[in-house]
Amino acid sequence: MPGGAPKKRQKRSYSGKKRRHTQKAQVVADPKTGRILATAFSAGKMHDFKLFGRSRVALHQKTECLADSGYLGLKKRHANSRLPAKKSKLHPLTGEQKQDNRQLARERFVIEHVIRSVSAA
């Protein structure tokens, strides 16, 4: 039946948010060399941070981790991590927070290119 809910065996990879069957990939890479250090994969409906926890990636204390906003609980597990600041309805971002977010994005784009090269393959 077209347009219906996915069958039971398809539910594992069905993302209700994207309304597609998706796969999620987590890539840990060195921004200086572009070398992939670790990968983890799951069904698309799994949250980013949950995948990180299940992958058991061990980050050295001195390693700086640059992550996107899908990893909000990362600061509790790894103190040397940087995440973008998020605004709320009552608390808009300050100019300094916006500037920090832009700087973080500039540093993360190298990793995004590595992720793109893996996705395209």
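Reader: What makes Arg-56 stand out just after H1?

Author: Its backbone: in this predicted model, Arg-56 takes a positive phi of about 60°.

Reader: And H1 itself, which of its residues are buried?

Author: Helix H1 covers residues 48–55, and its buried ones are Asp-48, Phe-49, Leu-51 and Phe-52.

Reader: How do you know that they line one face of the helix?

Author: Look down the axis of H1: the buried residues fall within an arc of 155°, so they line one face. The general rule behind that is simple: an α-helix has 3.6 residues a turn, so residues three or four places apart point the same way.

Reader: What do the buried residues of H1 pack against?

Author: Two strands and a helix, namely S3 (23–29), S4 (36–43) and H2.

Reader: Moving on to His-78, where is it?

Author: His-78 sits in the loop between helix H2 (74–77) and strand S6 (81–82).

Reader: Why is His-78 called buried?

Author: Buried means under 20% relative accessible area. His-78 comes in at 7%, so it counts as buried.

Reader: Which residues is His-78 in contact with, leaving aside neighbours within four places in sequence?

Author: Leu-59, His-60, Gln-61, Thr-63 and Cys-65. For a contact, heavy atoms have to be within 4.5 Å.

Reader: Zooming out, how many helices and strands does the protein have?

Author: Three helices and six strands, running β-β-β-β-α-β-α-β-α from the N terminus on.

Reader: And how much of the protein counts as buried?

Author: Of its 121 residues, 24% do. The accessible surface comes to about 9,700 Å², with 52% of that belonging to carbon and sulfur atoms.

Notes: Residues numbered from 1 in each chain as written. Predicted model: local features only at pLDDT ≥ 70, side-chain atom pairs only at ≥ 80, totals over all residues. Heavy atoms only, no water. Helix = DSSP H or I, 4+ residues; strand = E, 2+ residues; numbered from the N terminus. Buried < 20%, exposed > 50% of the residue type's maximum accessible area, 1.4 Å probe, protein only. Areas by Shrake-Rupley, 256 points an atom, 1.4 Å probe, with all protein chains shown as cover. Arc of directions from axis to C-beta.
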